[in-house]
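Here are a few exercises to work through with the model open beside you. Try each task before reading its solution.

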Amino acid sequence: MPARRPSTISASPSTAIIITYDDSDGWYDHAFVKPTASSYGALDALDGAKVCGTGTEPDGLDGKPVHGLCGPGTRTPFMAISPFANQDFVSHTLINQASVVRFIENNWLHGQRIDGGSFDATTGSIMDMFNFFHADASGVILDPTTGEIDRPDPHHFF
């Protein structure tokens with residue numbers, strides 16, 4: 001039986017892949033943080049039955065409150081994969097899923113915000129995860145069984 005060739009992902013040198021997880025309404029960080037946004041929905045329970053956080057819920061479309069935006073909450077993963085991503089780096093910036101929206105708005109909408117109950121205007125930035133002045137396009141091949149680095153592959157970008 002012939003040896004199995006490891007899978008590779010090829011991308012252009014300007015590609016950035018963002019991997020996120022939506023847990024606890026999209027809030028995540030490296031440690032639990034006391035909620036700064038409130039929610040009073042049927043499924044909320046952090047600070048009592050149907051209560052999460054203090055204060056009023058943020059206004060959404062037509063001035064109606066936006067339910068389910070209590071946070072930040074527990075830690076969940078967020079990864080940036082790019083030739084421009086800082087290697088061996090853990091960001092300590094408080095971010096949430098709106099940080100991805102903010103990144104897109106800043107890069108392709110000249111900073112224009114979508115609003116309507118979104119936290120894009122007040123969320124933390126993911127820019128510290130990147131170094132756009134120095135790209136590392138060397139790439140690697142991972143062993144398909146162990147996930148460990150098998151050998152450098154100078155012909156592919158990740």
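**Exercise 1. Two loop residues**

Task: Place Asp62 in its loop, then describe its backbone and its exposure.

Solution: Start with the position: Asp62 sits in the loop that runs between β2 (27–28) and β3. Bear in mind that this is a predicted model. Next, look at the backbone, where Asp62 has a positive phi of about 55 degrees although it is not a glycine. Finally, take the accessibility: Asp62 has a relative accessible area of 74%, and the cut-off for exposed is over 50%, so Asp62 is exposed.

Task: Do the same for His110: in which loop is it found, and is it buried or exposed?

Solution: His110 belongs to the loop between α1 (98–108) and β5 (140–142). Its phi is near 55 degrees, a positive value in a residue other than glycine. With 77% relative accessibility, His110 counts as exposed.

**Exercise 2. The fold in outline**

Task: Write down the order of helices and strands along the protein chain.

Solution: Begin with the inventory, which is 1 helix and 6 strands. Reading along the sequence then gives β-β-β-β-α-β-β. For the contacts, take those with a separation of 6 or more: 63% of them in the protein chain join residues 24 or more positions apart.

**Exercise 3. Inside the chain**

Task: Which residues make up the largest nonpolar core?

Solution: First, the background: of the 158 residues in the protein chain, 30% are buried. The largest nonpolar core has 8 residues in all: Phe78, Ala80, Phe84, Ile95, Phe103, Ile126, Met129 and Phe130. Now zoom in on Ala80 and leave aside residues up to four places away in sequence; Ala80 then touches Ile17, Ile18, Ala85, Met129 and Phe130. Of these, Met129 and Phe130 are also listed in the core.

**Exercise 4. On the surface**

Task: Which residues make the nonpolar surface patch of about 250 Å², and how can Ile81 take part?

Solution: The patch is made by Tyr21, Met79 and Ile81. Ile81 lies in strand β3 (residues 78–81). A patch residue needs over 30% relative accessible area; Ile81 has 32% and is partly exposed, so it passes that cut-off. For the wider setting, the accessible surface of the protein chain comes to about 10300 Å², and carbon and sulfur atoms account for 58% of it.

Technical notes: Residues are numbered from 1 along each chain as its sequence is written. This is a predicted model: local features need pLDDT of at least 70, side-chain atom pairs count only at pLDDT 80 or more; totals for chains, interfaces and linings use all residues. Side-chain values use heavy atoms; hydrogens and water are left out. A nonpolar core is a set of buried Ala, Val, Leu, Ile, Met, Phe, Trp, Tyr and Cys residues joined through side-chain atoms within 4.5 Å. Buried means under 20% relative accessible area, exposed over 50%, partly exposed in between (1.4 Å probe, protein chains only). Contact means heavy atoms within 4.5 Å. Patches are made of residues with over 30% relative accessible area and no salt bridge: like charges are joined within 9 Å, nonpolar side chains (Val, Leu, Ile, Met, Phe, Trp, Tyr) within 5 Å. Accessible areas come from the Shrake-Rupley method with a 1.4 Å probe; for residues, only the protein chains shown count as cover. A salt bridge is a side-chain nitrogen of Lys or Arg within 4 Å of a carboxyl oxygen of Asp or Glu. Helices (H or I, at least four residues) and strands (E, at least two) are DSSP runs, numbered from the N terminus.
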